[in-house]
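This report describes a protein model together with its ligands. It considers the overall fold and then the surroundings of each ligand in turn.

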Amino acid sequence: MPAESATFTAHAHHATPLPEGVTLRHDWTLEEVKEIHGMPLLDLVYRAQTVHRQVFRDNRVQLCSLLSIKTGGCPEDCAYCPQAARHHTGVKAEKLMDVAEVLESAKKAREAGATRFCMGAAWRSVKDGPQFDAVLEMVRGVRALGMEACATLGMLTLSQAKRLKEAGLTAYNHNLDTSESHYGEIITTRTYADRLQTLAHVREAGISVCCGGIIGLGESLDDRCQMLVTLANQEVHPESVPINALVAVKGTPLETQPPVEPIEMVRMIATARILMPASMVRLSAGRLQMSREAQLLCMLAGANSIFFGDKLLTTGNPDYAEDMALLEQAGIRPLEPNAVR
Ligand code: SAM
Ligand code: DTB
Ligand code: SF4
């Protein structure tokens, strides 16, 4: 079926049919996933691209902009994170940003071509009160700009998830980060079950789920594949799956981790694309360390979104001009706002 004729929206795959021949499975085994992940690279990329073109229009990548609305001073102990108060990384703890400032930044991102605005807060969990009310205001403001709004604020109760939904939040980002068995090596201040609980609240509130992970934390190939199994075997696939390469920040316990090989990102992205054909797969942190060619290979493997703008939360990202040049050179067009596939 020609991809152009598939006119269902990217965030309501229940209401809208998948193209013929595409089925979503929720019963992947670790063995199967390891086999896919370990295929000869060109076969793997070919299979992922084939799946990709069944579902998505070709040559389209969504541009998302990230903003840290509350930076640093986080009580959690995530070993990779520069914002944990206990790591001495030079990231200073700041207050929650003003609503107006955040919306100014969203407007700039929109003018530069971003269609999704993601707001991150270095919180363990959301507390009801004036700060949460301000975040709800930010969400309304971003939606009023015609952009998709995503937030990542730590753990949420069901009632908080419902309030975010009412404010118009498109998606909530809450990553599993790694496999359940490796989780305790990376974070001790909360459990995998806590993560899954928040994801259930997000799902129940009717917000689209953005959930993925990081490679390069010292995990095994089994851990990487097991994380993908956990993501893909949820009752509904996360609509959005960010794949991050560790940005090893000085002062964190993972500062001496060897850099992730770009080909490992390609394998993760291709496998995620094959397991979750209808989800947005996002080439997230770590692009600064990747060549243009490696980034394009990730897109060939099914990545259809990048963070756009020279900053992630606290670390760097290629600047607008560089990314525009890359997309232009490759003939890739940004997905228009509220895009259909
Ligand atoms: N505090 C909230 C939480 O952890 O759920 C939201 C913000 S937190 C910074 C969002 C995600 O950023 C983490 O789950 C992790 O996947 C990613 N992240 C943080 N530091 C990273 C790093 N150094 N390299 C790659 N990804 C990172
Ligand atoms: C995600 O998976 N990656 C983004 C977003 N979700 C919030 C965060 C990347 C953070 C990289 C480290 C930093 O800039 O502080
Ligand atoms: Fe805090 Fe989130 Fe960083 Fe963990 S990843 S230390 S919860 S900001």
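## Terms and model

A cavity is here a set of points, on a 1 Å grid over the protein atoms alone, where a 1.4 Å probe fits but cannot get out. A molecule sits in such a cavity if more than half of its atoms lie within 2 Å of its grid points. The model discussed below is predicted.

## Overall architecture

The protein comprises 11 helices and 10 strands. Its radius of gyration is 19 Å, close to the 20 Å that the globule rule gives for 341 residues, so the protein is as compact as a globular protein of that length. Along the principal axes, the C-alpha atoms fill a box of roughly 50 × 40 × 40 Å.

## Ligand 1

Ligand 1 takes up the space that forms the largest cavity. It is surrounded by 19 residues, of which T152, N175, D177, R195 and V247 are the closest. In terms of class, this shell contains 10 nonpolar, 6 polar and 3 charged residues.

Polar contacts to ligand 1 involve both backbone and side-chain atoms of the protein. On the backbone side, an N or O atom of Y80 lies 3.0 Å from a nitrogen atom of the ligand, and a polar backbone atom of A121 is 3.3 Å from a nitrogen atom of ligand 1. From the side chains, N175 places a polar atom 2.9 Å from an oxygen atom of ligand 1. Taken alone, ligand 1 exposes 560 Å², and the protein buries 91% of that area.

## Ligand 2

Ligand 2 also sits in the largest cavity. The residues surrounding ligand 2 are L66, P82, T152, N173, N175, P242, N244, F307, L312, L313, T314 and T315. This shell divides into 6 nonpolar and 6 polar residues, with no charged residues.

Side-chain atoms provide the following polar contacts. A polar side-chain atom of T314 is 2.7 Å from an oxygen atom of ligand 2, and one of T315 is 2.8 Å from an oxygen atom of ligand 2. A polar side-chain atom of N173 lies 3.4 Å from a nitrogen atom of ligand 2. On its own, ligand 2 has 400 Å² of accessible area, and the protein covers 88% of it.

T152 and N175 appear in the list of residues around ligand 2, and both are also among the closest residues to ligand 1.

## Ligand 3

Which residues lie around ligand 3? They are C74, E76, C78, Y80, C81, A84, A122 and R190. By class, 6 of the shell residues are nonpolar and 2 are charged, while none are polar.

Ligand 3 sits in the largest cavity, as do ligand 1 and ligand 2. Y80 belongs to the surroundings of ligand 3, and a backbone N or O atom of Y80 makes the 3.0 Å approach to a nitrogen atom of ligand 1.

Technical notes. Residues are numbered from 1 along each chain as its sequence is written. Chains are lettered from A and ligands numbered from 1 in the order in which they are written. This is a predicted model: local features need pLDDT of at least 70, side-chain atom pairs count only at pLDDT 80 or more; totals for chains, interfaces and linings use all residues. Side-chain values use heavy atoms; hydrogens and water are left out. A residue is near a molecule or strand if one of its heavy atoms lies within 4 Å of it. On a 1 Å grid over the protein atoms alone, a cavity is a set of points where a 1.4 Å probe fits but cannot get out, and a pocket is an open set with protein on both sides within 12 Å along at least five of seven lines; lining residues have an atom within 4 Å of a point. Ala, Val, Leu, Ile, Met, Phe, Trp, Tyr, Cys and Pro count as nonpolar, Asp, Glu, Lys and Arg as charged, and the others, Gly among them, as polar. A polar contact is a pair of N or O atoms within 3.5 Å; within protein, one must be able to donate a hydrogen and the other to accept it, and residues adjacent in sequence count only if both atoms are side-chain atoms. Accessible areas come from the Shrake-Rupley method with a 1.4 Å probe; for residues, only the protein chains shown count as cover. Helices (H or I, at least four residues) and strands (E, at least two) are DSSP runs, numbered from the N terminus. The radius of gyration is taken over C-alpha atoms; the globule rule is 2.2 Å times the number of residues to the power 0.38.
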